[in-house]
There are 2 protein chains.
Amino acid sequence: MTSSSTPPAFLMAAATAPDAEAGAGGSGTSVLTAERILEVAEEVLRRFGPDKTNVVDVARALGVSHGSVYRHFASKAALRGAVVERWLARVSAPLAEIAAAKGPAAGKGAGERLHLWVRMLHAIKRQKVLVEPEMFKAHKSFILESGVAVSEHVAHLEAQLATIVADGVTSGEFRPCDPAGVAGALFAATSSFHNPASAASWSDPEIETRLKTVLDLLVAGLKAGA
Amino acid sequence: MTSSSTPPAFLMAAATAPDAEAGAGGSGTSVLTAERILEVAEEVLRRFGPDKTNVVDVARALGVSHGSVYRHFASKAALRGAVVERWLARVSAPLAEIAAAKGPAAGKGAGERLHLWVRMLHAIKRQKVLVEPEMFKAHKSFILESGVAVSEHVAHLEAQLATIVADGVTSGEFRPCDPAGVAGALFAATSSFHNPASAASWSDPEIETRLKTVLDLLVAGLKAGA
DNA sequence: GAAATGACAGATATTGAAATCTGTCATTTG
DNA sequence: CAAATGACAGATTTCAATATCTGTCATTTC
């Protein structure tokens, strides 16, 4: 699959991929499933970009009429939304692993996991901007027209952060606090490092240093004050 | 302290306004100065919006030919840039006051000034979005096409933050650190509360609470860790 | 003669007619 | 009869002709 320039090593987990259907039957002859449509739609979207992809293109790539696509998705927007949702889920997966790693020896401190989690989120988003500009554009335009799936995605990510914070409080590493509220604050405070709207500044070579400074400050705050 | 939708009292300082030239001479008969052009251009921009304002409109409002405007500004973009710069300077002024307030009794702690400064910046930007949508649009489109004046503005604001941080370090309230680097981090960490790109989320009633949580975390970090 | 003007060429924006796309549904297919 | 098709109406996008705007400069004004 698409790996190019030089993705940070920890990104690799996220690069594993689709093919859930490859072995099914003959190939194009299998029944038309929503999942199969999503796979092909993502491929087409990636090739032509969000502005130039239409339902007929997707249907043609599937070898069916566009009417058949509407049997599975109520509208073009719904289809696009589902594709982006799938894509966001793949962003979320490797982060969930970090958030869940609370083993005694494995997870080290919550502060360290917090660092890792945020840096991972930053790296993933940055990677997307660089190597998947078309999907990224789709992601952005989708956000603009229907924030629903995206706010769910954000809620998901904040819940992961809340897990890490709660772990830190339990272990005594962090000062007692409301994990959900603090998770929201952490997400907001680091948003210029993961929000697509700020992508322009990610080419600054000092961005990593700046992120580290922000995280050090936040983690110190979690440990000491409130 | 829960004041919300109503504009915070400290905004009022920024609302005082133009008229620097009203008493000059007769009226439109005075010589055409760059400053006079900027005044009128801002007025016209506010009335028609950035997309519908052209140089001829501005010239007509001034009662001169558009050729005369080009005697003072090299291009339409330069004119627009100068208008935005003026506007940004007015955003910056009340913040500079807070940053400079280091009097013994007046300024209280640097932590408090930091809170005040960031909340003020948030309030100003939010206010602009609500009551000056046209200027705000001009601001945004200007950012997109020429980041120069804006990055200067940001540098300016970060320098103000650095002043506050340095004061805190001097007084022993904050742990020793590089004020410039930390100021950059603080600006980034709070950007979702002042960056126009995030304006959509500013209607959330919980935004103030979230900002407070972020600031408490950051200030605690400045006081204790690094 | 410094400042302002307005006609002008090239660049940009507007417009509306033509082409394409979305979403539906009566019909066909296996 | 469940699944797929493709013709269709209305919505949207494209494209090229047309109109407007920007930036210049030879000329006029005071």
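What follows is a chat about a predicted model of two protein chains and two DNA strands.

Me: Before we start, what is this model and how are residues, chains and ligands labelled?
Reply: It is a predicted model, in which local features need pLDDT of at least 70, side-chain atom pairs count only at pLDDT 80 or more, and totals for chains, interfaces and linings use all residues. Residues are numbered from 1 along each chain as its sequence is written, chains are lettered from A and ligands numbered from 1 in the order in which they are written, and side-chain values use heavy atoms, with hydrogens and water left out.

Me: OK. How many helices and strands does chain A have?
Reply: Chain A has eleven helices and zero strands. Helices (H or I, at least four residues) and strands (E, at least two) are DSSP runs, numbered from the N terminus.

Me: And how much of chain A is buried?
Reply: Of its 226 residues, 44% count as buried. Buried means under 20% relative accessible area, exposed means over 50%, and partly exposed is in between, with a 1.4 Å probe and protein chains only.

Me: What about contacts in chain A between residues at least 6 apart in sequence?
Reply: Among those contacts, 69% join residues at least 24 apart. Contact means heavy atoms within 4.5 Å.

Me: Switching to DNA. Which residues come nearest to strand C?
Reply: A:His66, A:Tyr70, A:Lys76, B:Ser65 and B:Ser68 come nearest, out of 15 residues around DNA strand C. A residue is near a strand or molecule if one of its heavy atoms lies within 4 Å of it.

Me: Which parts of strand C lie within 4 Å of the protein?
Reply: Of those atoms of DNA strand C, 62% belong to sugar or phosphate and the rest to bases.

Me: Which atoms pair up there?
Reply: The side chain of A:His66 has an N or O atom 3.0 Å from a base oxygen of DNA strand C. Two residues lie by phosphate oxygens of DNA strand C: A:Val55 through a backbone N or O atom, at 3.1 Å, and B:Lys52 through a polar side-chain atom, at 3.1 Å. A polar contact is a pair of N or O atoms within 3.5 Å; within protein, one must be able to donate a hydrogen and the other to accept it, and residues adjacent in sequence count only if both atoms are side-chain atoms.

Me: Which helix gives the most to the surface near strand C?
Reply: H4(B) does, with four residues. Helix H3 (55-62) and helix H4 (66-72) of chain A, together with helix H4 (66-72) of chain B, each supply at least two residues.

Me: And the surface near strand D, which helix has the largest share there?
Reply: H4(A), with four residues. The residues closest to DNA strand D are A:Ser65, A:Ser68, B:His66, B:Tyr70 and B:Lys76.

Me: Which atoms of strand D do A:Ser68, B:His66 and B:Tyr70 reach?
Reply: A polar side-chain atom of A:Ser68 is 2.8 Å from a phosphate oxygen of DNA strand D, and an N or O atom in the side chain of B:Tyr70 is also 2.8 Å from a phosphate oxygen of that strand. B:His66 has a polar side-chain atom 3.0 Å from a base oxygen.

Me: New topic. How much area do chains A and B bury between them?
Reply: About 1800 Å², 71% of it on carbon and sulfur atoms. Buried area is the accessible area (1.4 Å probe) that two parts lose on being put together, summed over both. The contact takes 24 residues from chain A and 24 residues from chain B.

Me: How many salt bridges between them?
Reply: Two. In one of them, the side chains of A:Glu158 and B:Arg210 meet at 3.4 Å, N to O. A salt bridge is a side-chain nitrogen of Lys or Arg within 4 Å of a carboxyl oxygen of Asp or Glu. Five residue pairs are in polar contact across the interface, both residues at pLDDT 80 or more.

Me: Which helix of chain A has the largest share of the side that touches chain B?
Reply: H11(A), with ten residues.

Me: Why is helix H9 of chain B largely enclosed?
Reply: Eight of the eleven residues of H9 (residues 179-189) of chain B are buried, so the rest of the structure largely encloses it. Among the buried ones are B:Leu186 and B:Phe187. Their cover includes H9, H10 and H11 of chain A.

Me: Last one: is B:Ser191 buried or exposed?
Reply: Buried, because its relative accessibility is 8%. B:Ser191 sits in the loop between H9 and H10 of chain B. Not counting residues up to four places away in sequence, B:Ser191 touches A:Ser192 and B:Ser198.
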